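Take a first look at the chain shown here. The report below walks through it from the whole to single residues.

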Amino acid sequence: MTETHHKEVSVLIPVHNAMPYLEECLRSIDGQSLHPRHMEVILVDDGSTDGSTEEIRRWVSCRPHSRAIFRKTPSGGPSRPRNEALARAEGRYVFFLDADDLLGPEALERMLRMAKCHDSDVVVGKMVGMGRGVSKKAFKQTGKVDLHQSEVYRSLSPQKLVRRGFLTDRKIIFDENFWYGEDQIFMADLYLSGASIAVVGDYDCYYIRAREDGGNTTRRSRTIDESVGHIEVLLDMVREKVETPSRRAHLMVKHFRELFENTFLPGLREGNPELREEVWERCSSLFIEYWSDEMGKNFSAFHAFLSHLIREGRKELCEELAARGDEVRDGEELLEGGRVYRRFPFFRDGRSGVPDHVFDVTDRLLLRIRTTSLWWRGETLCAGGISYIDRLPTGNQKMAIVFRHRETGEEHVVPARTEATPELNAVHLGRPWDHGSAGWLLELAPENLDLLTSAAPGVWDAHLSVSAEGVVKEKRLPGPKENEVIAFLGPKVTGGAASMGVVLPYITDRGKFSIRVEKNIKEFGVSAVLSEASWQGDRLLIEGTVTVPGTFPARRTGELILRRRARGVAPTPGNIFSRIFTLRRNHPMEDQRREEIRLPCSMSPDSASGRADETILLFRSEVDGKRLAEFPHSAVVDCFLGVANGDGPELEGRMRSRLPEGEPSVLGAGRVLDATGQPTFATPYRSRGGYFCLDVGGVSFPLKDQLHLCLRSAGESSRRKPRISLGFAGFLERDVHLEFTSETGTRALFSEFSSPMVGTSDEVCSCFSERFGRSPILFLDSRDGVNLGGDHRGKIKISFSGDPNGSAVFLPIGEVPEVSCGSESRGNLPGARAVTQVTPT
């Protein structure tokens with residue numbers, strides 16, 4: 001098998017008179033972080049006469065991963081050279097690179113990584129214009145995207161990473177009948193054939209150049225047929241392959257924009273009447289055939305106005321607009337009767353007869369909102385920001401926050417106070433914009449909150465309603481961004497006896513502001529954070545901090561709640577609510593042993609807490625290991641903290657670990673606990689979601705992964721009688737049995753070990769210090785070596801009196817002095833090897 005069979009990327013470069021830009025292009029390939037053995041480069045010289053041919057020969061001659069194809073006669077466009085390169089490519093992916101453009105140093109590596117991560121057929125790398133414009137919207141996202149829910153269709157140039165098999169399976173190649181727009185036809189066919197798409201939007205992958213010598217293919221003069229022909233193909237392709245009208249309109253708008261700017265308006269400025277007639281016929285026929293009302297909202301106001309004239313057959317008006325140039329695009333506004341009109345040419349001129357609704361842009365005006373702060377001020381919820389309607393003055397602007405119940409639709413309107421914002425006054429398009437009163441301040445007083453708590457519990461979404469010059473706009477209220485001020489948004493208990501409830505302001509996953517209202521305040525959580533979990537003998541010491549809403553009196557008592565997790569339920573939070581509310585489910589077939597254990601928890605004020613709207617307490621509790629045996633033999637136990645206010649309701653919250661979220665990890669060595677005549681093994685750990693849990697019975701952290709073996713060589717004799725040390729993560733108040741089993745039989749080993757010692761790893765054996773730290777361990781050592789009877793492979797069986805089989809653990813030993821610890825790892829070092837199989841949530 002040749003090396004090219006292993007290539008990940010084939011870089012395909014059509015070349016026609018590209019000097020001196022070709023040299024810089026090739027240097028950008030040499031500078032790629034992706035190793036050359038993972039790529040091949042295929043250059044197709046399309047009849048160059050400027051020295052490009054010699055540069056290609058020179059470059060290819062000293063790069064084994066590259067090859068060249070030479071054409072004597074120019075094909076007249078990039079389609080044929082690209083197809084020839086594609087036919088010879090052997091990489092899993094292909095990348096189309098133009099000879100006058102550049103790649104970012106990490107472009108291929110990043111795009112390849114993105115393709116593999118999302119199993120993508122197409123990866124769109126962020127493009128940067130060098131003297132020419134590119135669409136920024138196409139690259140706003142990073143990761144997997146949907147064609148119809150993103151702006152990726154704005155980028156139809158072929159400089160993408162494409163899975164070669166996707167092209168060959170669907171027989172997608174460049175149409176050689178086109179030299180202009182052929183790349184758009186190729187990419188549209190690719191997108192609309194169901195390709196999965198990903199975007200690298202956080203790195204400048206591709207630098208696309210406008211050549212100073214005007215040598216770009218797109219700058220060549222074109223006939224009307226060459227300018228319109230590819231758009232006709234594209235519109236027909238979209239209509240055929242996209243069934244949903246709204247999605248079809250979203251894609252077609254791009255092609256109509258190009259038709260407006262590159263063909264229709266320039267063509268109507270031509271002095272030749274016959275040419276202008278041809279432009280009108282070809283372009284207007286496309287509007288008549290493909291236009292839908294869905295497209296109007298995706299056009300600019302000027303393009304929508306122009307499209308109306310085209311569909312109405314007003315050729316003479318369109319020619320007048322084209323002749324007047326860009327000055328007609330931004331007509332002044334007229335405010336009248338709560339509507340806004342753009343005074344484009346022919347507005348109420350008495351001769352054109354164009355109706356007013358064509359100039360009406362009220363629905364196009366955008367409501368701009370930014371929330372800059374959100375905080376509790378005592379019992380009042382406050383929020384502030386700025387808002388205005390595009391192009392409308394704010395002098396008489398009125399604003400209000402509309403809280404709308406997500407399920408019932410009930411509304412409560414709270415007026416917002418107007419704040420001065422002189423810094424927003426600006427001059428745009430030669431006209432002053434009065435945005436000096438765009439600030440708003442919301443003060444949601446207790447009486448307003450009572451209106452929410454007296455209604456049905458649930459979520460109230462906040463909307464901002466703005467009225468200016470008779471125009472009313474409403475929009476979902478966003479939360480502050482990361483760099484704005486978001487003070488502590490903990491819960492508040494509010495309302496009288498009949499309407500008492502808990503109010504929690506929060507920011508949704510989409511960045512919007514909402515308020516959650518709960519009537520059952522007992523189920524409303526507190527924020528508990530574990531700071532230490534350590535074994536003191538058979539007792540687990542748990543310490544940390546708990547944050548309680550400041551509306552509760554300071555006199556509190558606490559409980560540590562150990563709650564068995566129902567099978568198949570992982571209460572890892574997905575948003576702010578699930579971090580606070582407890583999810584309880586009972587499986588009908590579950591063992592009905594102990595579901596919950598409540599233990600006393602001491603609490604004291606945290607002297608570091610200085611907030612008026614919250615109280616931070618220090619908590620401390622001890623878990624008697626014998627109580628854990630009350631749970632089923634194999635159980636995951638979630639830890640909660642309950643805080644009671646004298647005789648008032650108890651607040652409850654799940655306990656988090658200070659460690660960040662990520663892979664589960666053990667917070668302390670497990671313990672073998674002698675509780676009810678059977679050994680129970682318990683391990684404290686941090687879950688994937690960052691919560692503090694207990695593994696009782698070795699559900700995810702089995703006993704075998706807490707027993708560690710250390711094999712220490714001592715010259716040639718170590719192969720006959722190796723010195724073996726065993727470390728146990730816990731105290732065992734029962735006898736330990738050790739046996740060595742090999743192909744020749746089984747022999748007892750315990751007599752060859754010293755008496756068990758208890759201490760830290762530093763005190764008994766330093767080779768265990770990395771795994772156990774300074775936690776106490778049970779340690780056994782065979783100082784004089786262990787007689788393995790000449791066998792070098794086998795298993796050490798460890799069991800405990802009273803239950804020699806049920807709690808037996810096997811540690812396999814490989815060829816001495818190699819050591820195998822746990823059930824998976826084997827290595828050569830003469831020290832402890834920790835193996836932890838981590839799978840819990």
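The text below moves from overall figures to helices, strands and a few unusual residues.

**The whole chain**

This is a predicted model. The chain has 841 residues, and 53% of them count as buried. Its secondary structure comes to 15 helices and 46 strands. Contacts with a separation of 6 or more are 70% made up of residues 24 or more positions apart.

How confident is the predictor? The mean pLDDT of the chain is 78, and 71% of its residues reach 70 or more. Two stretches call for caution. Over residues 1-5, pLDDT stays under 50, and the model has five contacts beyond four places in sequence for them. Over residues 568-592, pLDDT also stays under 50, with 55 such contacts in the model. Where pLDDT is low, the predicted coordinates should not be read in detail.

**Helices**

Helix H3 spans residues 79-88 and is mostly covered, with seven of its ten residues buried. Those buried residues are Ser79, Pro81, Arg82, Asn83, Glu84, Ala85 and Leu86. What covers them? The cover includes strands S1 (9-15), S2 (39-46), S3 (66-71) and S4 (93-96), along with helices H5 (164-170) and H6 (182-192).

Now turn to helix H9 (residues 273-290) and helix H10 (residues 301-311). Their axes come within 9 Å and cross at roughly 105°. H9 and H10 therefore count as roughly perpendicular, since that class runs from 65 to 115 degrees. Trp280, Ser284 and Phe287 in H9 meet Ser307, Leu309, Ile310 and Arg311 in H10.

**Strands**

Strand S10 (residues 333-336) and strand S11 (residues 339-342) run antiparallel, joined by four bridges. Leucine 335 has valine 340 in S11 as its bridge partner. The hairpin has two residues between the strands, and glycine 337 takes a positive phi near 60° there.

Arginine 417 sits in strand S16 (residues 417-419). Is arginine 417 buried or partly exposed? It is partly exposed, because its relative accessible area is 44%. Leaving out residues up to four places away in sequence, arginine 417 touches Gly439, Trp440, Leu441 and Glu443. Arginine 417 and glycine 439 are 22 residues apart along the chain, yet their C-alpha atoms are separated by 8.2 Å.

**Unusual backbone**

Most residues other than glycine have a negative phi, and most peptide bonds are trans. The two residues in this table go against the rule for phi.

| Residue | Phi | Loop between | Relative accessibility |
|---|---|---|---|
| Arginine 391 | about 70° | S13 (380-389) and S14 (398-405) | 21%, partly exposed |
| Glutamate 469 | near 55° | S20 (458-468) and S21 (471-476) | 35%, partly exposed |

A peptide bond stands out too. The bond from methionine 19 to proline 20 is cis, with omega near 0°. Proline 20 lies in the loop between S1 and helix H1 (21-30).

**Cysteines**

How many disulfides does the structure hold? It holds zero. Why does cysteine 693 not bond to cysteine 639? The sulfur of cysteine 639 is the closest cysteine sulfur to that of cysteine 693, but it is 6.5 Å away, too far for a bond. A disulfide needs the two sulfur atoms within 2.5 Å. Cysteine 693 is buried, because its relative accessible area is 0%. Cysteine 283 also counts as buried, at 0% relative accessibility.

Definitions and conventions
Residues numbered from 1 in each chain as written. Predicted model: local features only at pLDDT ≥ 70, side-chain atom pairs only at ≥ 80, totals over all residues. Heavy atoms only, no water. Buried < 20%, exposed > 50% of the residue type's maximum accessible area, 1.4 Å probe, protein only. pLDDT = per-residue confidence, 0-100. Contact = heavy atoms within 4.5 Å. Pairing = 2+ DSSP bridges. Axes fitted to C-alpha atoms, helices over the stretch in contact; angles between N-to-C directions. Parallel < 35°, antiparallel > 145°, perpendicular 65-115°, else oblique.
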